[in-house]
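Morning, everyone. Let me take you through one model, chain by chain and then across the contact.

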Amino acid sequence: MVWEKHGVDLLECDSFQQLMAKKGIRPRAYRTHIEAMEAADLLETICQLGDRILVLTRHEQITAKRAEVLILDLITCFAEPIEWAQRSTEIGRELREYKR
Amino acid sequence: MKTLMFYSYKGGSGRTVAAANVAAALAKLGHRVAIVDLDVEAPGLQHVLGAERMAQYKRGDGIQQYLKGDIDLDELITEVAIDTFAQDGPLFRFDVPGTALLLYIMASPKVTRIDAQEPLVADRMKKLLEALRDKRQIDFVVLDSASGVRETYSISADASDEMLVFFRWSIQHVEGTLRFARFMSRLKEFDQHWIPFKLVACASPSERELDGFPDDALRERLLEVKNDTRLKILQTLKQCQASPATIFHEIPELLELKWRETIIVFGDTISPYEELAKKLLQPVV
């Protein structure tokens, strides 16, 4: 799996944020305070979506291949939350289709 | 020089009155202070400071024209800013120690749209602060900013060293302010533009005021809400431990002063605003 190539075992991570920390991925810095507020708000949602994918993966409710695609996209969203806001909305919509 | 942003998530918190009074209190304590009206869509500081009858105000130019590039820095300082303690200033009757100053930079009453994302605006704001520091030897800049998180919020937030978030004891204010505190906590968590901030409660009902309530059931309910709200705020602040400078000042006396839109810090007794001004002089924890 892609995250294994990056040296991180997805199933060993307690949270998406921990995964980001292990991979050394940080959100980009925004120019203004208001942009940063918007980004921080989106980042919280992105982390919640990431956590949900981790749970679904553990419970085998999502295929490993699909989880990989979604996590990789979320990593992009995490790094540039405002620029990729639309994609995180789409991922949220997709995850609502999976059982709790 | 320290730049303090006076902010409230909702309007009607007593923020502008507090900004004027705290600025005056800092001057009374001997500091050189500039107060800037950045509530550019609905300016009100002119009424608190009693400047609406002054010729400068009537001319109609303000910080907005400067930020847009219509007037230059010299014009702003000489034609828009008022030395409030000067002989023709609105507060001339008050004595302040030595070289203390309270310079008021007005906002224009004209409807003026400002694009806060425009680099010119940030650049001009930066130049204004530099001029206040270098040419007028200002110690404190008090920014009276607009409520809410809107376009012009960034003009104040990006220029500030510290933020005072005002709210009053109503469900809209408390919930909105807690939401804002959580936003700020996230900024710190995600390492983005975090600013130290303090929450300041205005217009909290005093025990005396609640005692005077004729309706027992309503009084009990108000007390219950007050205590619940206090608990909720304290719990939220505990959760926001990532923000070590988050301090909660409760100033219950402010209710009676809320609508008295005048400078009160020069009375015989020390006002709550002066107490707040003194707290601001203490280093951030």
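Accessible areas here come from the Shrake-Rupley method with a 1.4 Å probe. On that basis, chain A exposes about 5,500 Å². Carbon and sulfur atoms supply 49% of that area. One caveat up front: this is a predicted model.

Stay with chain A. It has five helices and zero strands. From the N terminus on, the order is α-α-α-α-α. Chain A has 100 residues, and 44% of them count as buried. Now the contacts in chain A between residues at least 6 apart in sequence: 72% of them join residues at least 24 apart.

Next, the interface. How many residues does each chain bring to the contact? Chain B gives 20 residues and chain A gives 19 residues. The area buried between chain B and chain A is about 1,700 Å². Carbon and sulfur atoms give 57% of that buried area. On the chain B side, look at B:Arg186, B:Phe190 and B:Gln192. Together they supply 35% of the area that chain B buries against chain A, more than any other three residues.

B:Arg186 comes up again. Its side chain meets that of A:Asp41 in a salt bridge, at 2.5 Å, N to O. The count between the two chains is two salt bridges. Polar contacts come to twelve residue pairs, both residues at pLDDT 80 or more.

Which elements of chain B give two or more residues to the side that touches chain A? They are α7 (153-157) and α8 (171-189). The largest share, six residues, comes from α8(B). By class, that side of chain B has ten nonpolar, four polar and six charged residues.

How values were computed: Residues numbered from 1 in each chain as written. Chains lettered and ligands numbered in written order. Predicted model: local features only at pLDDT ≥ 70, side-chain atom pairs only at ≥ 80, totals over all residues. Heavy atoms only, no water. Contact = heavy atoms within 4.5 Å. Buried area = accessible area lost by both parts, 1.4 Å probe. Salt bridge = Lys/Arg side-chain N within 4 Å of Asp/Glu carboxyl O. Polar contact = N/O pair within 3.5 Å; in protein donor to acceptor, adjacent residues only side chain to side chain. Helix = DSSP H or I, 4+ residues; strand = E, 2+ residues; numbered from the N terminus. Nonpolar A, V, L, I, M, F, W, Y, C, P; charged D, E, K, R; others polar. Buried < 20%, exposed > 50% of the residue type's maximum accessible area, 1.4 Å probe, protein only.
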